[in-house]
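Let's take a stroll through this fold together, starting with how its parts are named and then moving from the inside to the outside. Have the sequence and the model open as you read.

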Amino acid sequence: MSKIAVYPGSFDPITTGHIDIINRVAQIFDHVIVLVANSSDKKYLFTSDERAQFVRKSIQALNVQVAVHSGLTTEFMKAKKAQVIIRGLRAVADFEYEGTLANMNHRLAPDIETFMIFSRPEYYYISSRGVKEMARNHGSLKGLVPEFLEPLLIQKLASN
Ligand code: ADP
């Protein structure tokens, strides 16, 4: 049976940190689905379609698909017969939140495992929130997001 991993997140927007995780995971699993969350209680800068399009544009690996989903990740996974949730860990600050989330998902779907993957040192400080903060304050975005995203991010924040 082919192994399918799902990498859920806001990706608002995708960063080079996310891209590194996706590319590393794509080398291990048969299929990877990047699941762009569309949650009604979160405020996003970009729409879910924009966020998904940015992920598609950033990833070359042929075994990576992108989907948009609102609702429980585990329900999406059951429908796709996916076995593993991927989450990334940067600093200690991520640890508690990710541990809670993994246990909550285990309660919902005991057959689904969460695999945590450590950020490489060159990406550990990169977050979507930090990138937006940087763009808002006219800091350089070089190396933080894919090049095509730099003007889009600046433009979006200017009109927001
Ligand atoms: P969410 O809003 O669900 O936390 P994010 O898009 O912020 O979504 O992140 C999705 C996942 O990717 C989370 O597990 C987060 O910890 C991880 N992640 C984000 N940035 C990095 C990075 N630079 N290196 C490793 N993991 C990361």
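Helices here are DSSP runs of H or I with at least four residues, strands are DSSP runs of E with at least two, and both are numbered from the N terminus. Keep in mind that this is a predicted model: local features need pLDDT of at least 70, side-chain atom pairs count only at pLDDT 80 or more, and totals for chains, interfaces and linings use all residues. Residues are numbered from 1 along each chain as its sequence is written, and side-chain values use heavy atoms, with hydrogens and water left out.

**The core**

In soluble globular proteins, nonpolar side chains tend to be buried together. A nonpolar core, as used here, is a set of buried Ala, Val, Leu, Ile, Met, Phe, Trp, Tyr and Cys residues joined through side-chain atoms within 4.5 Å. Buried means under 20% relative accessible area, exposed means over 50%, and partly exposed is in between (1.4 Å probe, protein chains only).

The largest core has 33 residues, and I22, V25, V55, I86 and L153 make the most contacts inside it. At least two of its residues come from each of strand 1 (4-9), helix 1 (16-26), strand 2 (31-37), helix 2 (48-58), strand 3 (64-69), strand 4 (84-89), helix 5 (128-136) and helix 6 (149-158). Helix 1 gives the largest share, 5 residues. Apart from this core lies another one of 11 residues, including I4, A67, M77 and I85.

For a closer look, pick V25: leaving aside neighbours within four places in sequence, V25 is in contact (heavy atoms within 4.5 Å) with A5, V32, I86 and I117. I19 also sits in helix 1 and counts as buried at 14% relative accessibility. With the same sequence neighbours left aside, I19 is in contact with I14, S58, I59 and P146. I19 and S58 are 39 residues apart in sequence, with C-alpha atoms 7.2 Å apart in space.

**Strand 4, helix 4 and strand 5**

Strand 4 pairs with strand 5 (residues 113-118) in the parallel sense over 6 bridges; to count as a pair, two strands need at least two DSSP bridges between them. Across that pairing, I86 stands opposite F115 in strand 5. Add helix 4 (residues 92-108) and you get a right-handed β-α-β unit. Right-handed means that, with the strands pointing away from the viewer, the path from the first strand over the helix to the second runs clockwise.

Helix 4 holds E98, a residue that is buried at a relative accessible area of 6%. Not counting residues up to four places away in sequence, E98 touches R87, G88, L89 and M116. H106 lies in helix 4 too, but H106 is partly exposed at 40% relative accessibility.

**Aromatic rings**

Rings of Phe, Tyr and Trp (its six-membered ring) pair if their centres lie within 6.5 Å; planes under 30 degrees apart count as stacked, over 60 as edge-to-face and the rest as tilted. By this rule there are 5 aromatic pairs. In one of them, F54 and F148 have ring centres 6.1 Å apart and planes at 55 degrees, so the pair is tilted. F54 lies in helix 2 and F148 in the loop between helix 5 and helix 6, so this pair ties together parts that are 94 residues apart in sequence. F46 joins F54 and F148 in one aromatic cluster. Y124 and Y125 also pair, with centres 5.9 Å apart and planes at 85 degrees, so theirs is edge-to-face.

How do the four ring residues of these two pairs compare for accessibility?

| Residue | Relative accessibility | Class |
|---|---|---|
| F54 | 6% | buried |
| F148 | 22% | partly exposed |
| Y124 | 48% | partly exposed |
| Y125 | 53% | exposed |

Charges get involved as well. A charge sits over a ring if NZ of Lys or CZ of Arg is within 6 Å of the ring centre and within 35 degrees of the ring normal. K57 lies over the face of F148, at 4.7 Å from the ring centre, and R51 lies over the face of Y44, at 3.7 Å.

**Backbone oddities**

Most residues other than glycine have a negative phi, and most peptide bonds are trans. Which bond is cis here? A cis peptide bond joins D12 and P13, with omega about 0 degrees, and P13 is in the loop between strand 1 and helix 1.

K81 has a positive phi, near 55 degrees. K81 is in the loop between helix 3 (73-80) and strand 4 and is exposed, at 63%. H138 has a positive phi as well, near 60 degrees. H138 is found in the loop between helix 5 and helix 6 and is exposed, at 74%.
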